[in-house]
Amino acid sequence: GYDKDKSKRWPLLVFLHGAGERGSVLEMVRAHGPHKEIAKGRKFPAIVVSPQCPERQWWDVDILEAWLNDVTKRLRVDPDRVYLTGLSMGGYGTWAWSCARPDRFAAIAPICGGGDPTQAAKLRNMPVWATHGDSDPVVPLAQSQAMIDAIKAAGGSPRLDVVKGGQHDVWTDVYAKEDIFTWLLAQRRK
């Protein structure tokens with residue numbers, strides 16, 4: 001429906017992939033997350049975009065910010081409805097980027113990631129829905145828990161869903177359901 005109404009501004013969902021999708025083959029970004037769901041035929045009432053992190057590199061907030069500035073100039077984006085989600089390395093990127101630019105996003109949904117709890121107070125007014133498996137052998141649950149605890153200590157009300165018996169790939173079930181996307185798209189930047 002993007003081309004039907006040239007005056008309409010659209011919500012923007014930004015997805016940050018995990019370490020396994022780094023490189024220069026853009027098709028790899030469809031392995032997980034919203035793009036996997038789109039490839040299966042799912043429709044989103046939003047623009048969905050994803051950068052690809054170069055091989056052997058980590059998400060760089062300055063580069064991500066420049067990329068997003070370009071995206072929002074080229075597309076009809078509602079600046080009050082920009083959402084960020086990511087898994088594993090992308091979960092770390094979600095925490096880092098939102099802490100660096102808490103004014104940029106309407107809401108975030110990091111999955112199986114972690115961040116710097118000393119920066120988490122910046123997210124006290126941000127709608128946050130994190131998810132992590134309690135049996136994750138790659139990124140310990142304590143990484144997400146530390147961020148949630150720090151936001152709460154600063155007066156925020158983040159949500160953390162702990163998946164009992166959940167391994168590192170809990171994102172498969174999270175992104176396959178409507179809940180996270182319905183919640184994200186209902187948020188507006190304050």
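Here's a short back-and-forth on the cavity and salt bridges in this predicted model.

User: Which helices each supply at least two residues of the lining of the largest cavity?
Analyst: The lining is made up of H32, G33, K36, E37, W171, T172 and Y175. By class, that's 2 nonpolar, 3 polar and 2 charged residues. The helices you're after are α1 (33-39) and α5 (171-176).

User: How much space lies in the largest cavity?
Analyst: The structure holds just 1 cavity of 30 Å³ or more. The space in the largest cavity comes to about 40 Å³.

User: Is E65, the salt-bridge partner of R101, buried or exposed?
Analyst: E65 and R101 pair up through their side chains, at 2.3 Å from N to O. The two sit 36 residues apart, with E65 in helix α2 (residues 61-74) and R101 in the loop between α3 (89-100) and β4 (107-111), so this pair links distant parts of the chain. R101 is partly exposed at 26% relative accessible area. Buried means under 20%, and E65 has 11% relative accessibility, so it's buried.

User: What separates R74 and D70 along helix α2?
Analyst: Their side chains form a salt bridge at 2.8 Å, N to O. R74 is exposed at 65% relative accessibility, whereas D70 is partly exposed at 34%. They're 4 residues apart in the helix, so the separation is about one helical turn.

User: Which residues do salt bridges with shared partners join into one network?
Analyst: A search of the whole structure turns up 13 salt bridges. One of them is E55 with R56, at 3.2 Å between the closest N and O atoms, and both of those residues are exposed. The network joined through shared partners consists of E37, K40, R42 and E178.

Conventions. Residues numbered from 1 in each chain as written. Predicted model: local features only at pLDDT ≥ 70, side-chain atom pairs only at ≥ 80, totals over all residues. Heavy atoms only, no water. 1 Å grid on protein atoms, 1.4 Å probe; cavity = no way out; pocket = protein on both sides within 12 Å on 5 of 7 lines; lining within 4 Å. Points joined across faces, edges and corners; volume = space filled by probe spheres on them. Nonpolar A, V, L, I, M, F, W, Y, C, P; charged D, E, K, R; others polar. Salt bridge = Lys/Arg side-chain N within 4 Å of Asp/Glu carboxyl O. Buried < 20%, exposed > 50% of the residue type's maximum accessible area, 1.4 Å probe, protein only.
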